[in-house]
Amino acid sequence: FQRALQARNCSVLVAVAPKKDQLRILSELDEEDKFDRKLRVVLLNPRLRGLESKTKIQDRIALMFNPVFHLRTHGEGGIIFRTSDKDGPTSWVLARRPSPDAAVEELLRSGEEPSAETVAATLGP
């Protein structure tokens, strides 16, 4: 796989919903740094965040990649959100929207991804 990327002079690799084996390969690419940071990797729907349990590779990849856009729901009306703008990543936001016609209420804003405990304490179970 790595040789194929190099032979094709690949500069952008898009991984859609990567599973355990694909995440392992991505982790190995970074460890070996065979591309001298010339390869840009884009993960779409990697499902690395908000998990009750993670493998070591999922944890490593979550630390390696900074989410440009992240949105997930929690319980009834809970929202966990983060995006990026021209200046880089924005804060993580925990919010609640109790019903479709209600306004979104921001409950917490943080520079760090909120832990499962913080999410549960802020948004409820």
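In the predicted model, the protein chain carries 20 positive and 18 negative side chains. The centres of these two sets of charges are 6 Å apart. The accessible surface of the protein chain amounts to about 8800 Å², and carbon and sulfur atoms contribute 51% of that area. Of the 125 residues in the protein chain, 26% are classed as buried.

The protein chain contains 4 helices and 7 strands. Read from the N terminus, the order of these elements is α-β-α-β-α-β-β-β-β-β-α. Along the principal axes, the C-alpha atoms occupy a box of roughly 55 × 30 × 25 Å. Among contacts with a separation of 6 or more, 42% join residues that are 24 or more positions apart in the protein chain.

The largest pocket encloses about 550 Å³ of space. Its lining consists of 17 residues, and those closest to the pocket centre are L43, P46, P67, V68 and F69. Two strands, β2 (40-44) and β3 (69-74), each provide at least two residues of this lining.

A backbone feature was noted at A17, a residue of the loop between β1 (12-16) and α2 (20-32). The phi angle of A17 is near 45 degrees, which is a positive value in a residue other than glycine. A17 has a relative accessible area of 24% and is therefore partly exposed, the limit for a buried residue being under 20%.

Strand β6 spans residues 92-96 and includes W92. With a relative accessible area of 2%, W92 is buried. This assignment follows because a residue counts as buried under 20% relative accessible area. The C-alpha atom of W92 lies 4.9 Å from that of R82, although 10 residues separate the two along the chain.

Strand β7, comprising residues 105-110, contains E106. L107 also belongs to strand β7. The relative accessible area of E106 is 43%, so this residue is partly exposed. L107, at 29% relative accessibility, is likewise placed in the partly exposed class. Both assignments rest on the range between the buried limit, under 20%, and the exposed limit, over 50%.

The contacts of these two residues were examined with neighbours up to four places away in sequence left out. Under this condition, E106 touches V93, L94 and A95. L107 is in contact with L94, A95 and R96, and also with T122 and L123. L94 and A95 thus appear in both sets of contacts. Of the residues touched by E106 and L107, V93, L94, A95 and R96 fall within the residue range of strand β6, 92-96.

Distances between C-alpha atoms were also computed for E106 and L107. E106 and A120 are 14 residues apart along the chain, and their C-alpha atoms are separated by 15 Å. For L107 and D21, the separation along the chain is 86 residues and the distance between C-alpha atoms is 37 Å. D21 falls within the residue range of helix α2, 20-32.

Technical notes. Residues are numbered from 1 along each chain as its sequence is written. This is a predicted model: local features need pLDDT of at least 70, side-chain atom pairs count only at pLDDT 80 or more; totals for chains, interfaces and linings use all residues. Side-chain values use heavy atoms; hydrogens and water are left out. Buried means under 20% relative accessible area, exposed over 50%, partly exposed in between (1.4 Å probe, protein chains only). Contact means heavy atoms within 4.5 Å. Accessible areas come from the Shrake-Rupley method with a 1.4 Å probe; for residues, only the protein chains shown count as cover. Lys and Arg count as positive and Asp and Glu as negative; His and the chain ends are not counted. The place of a charge is taken as NZ of Lys, CZ of Arg, CG of Asp or CD of Glu. On a 1 Å grid over the protein atoms alone, a cavity is a set of points where a 1.4 Å probe fits but cannot get out, and a pocket is an open set with protein on both sides within 12 Å along at least five of seven lines; lining residues have an atom within 4 Å of a point. Grid points are joined across faces, edges and corners, and a volume is the space filled by probe spheres set on the points.
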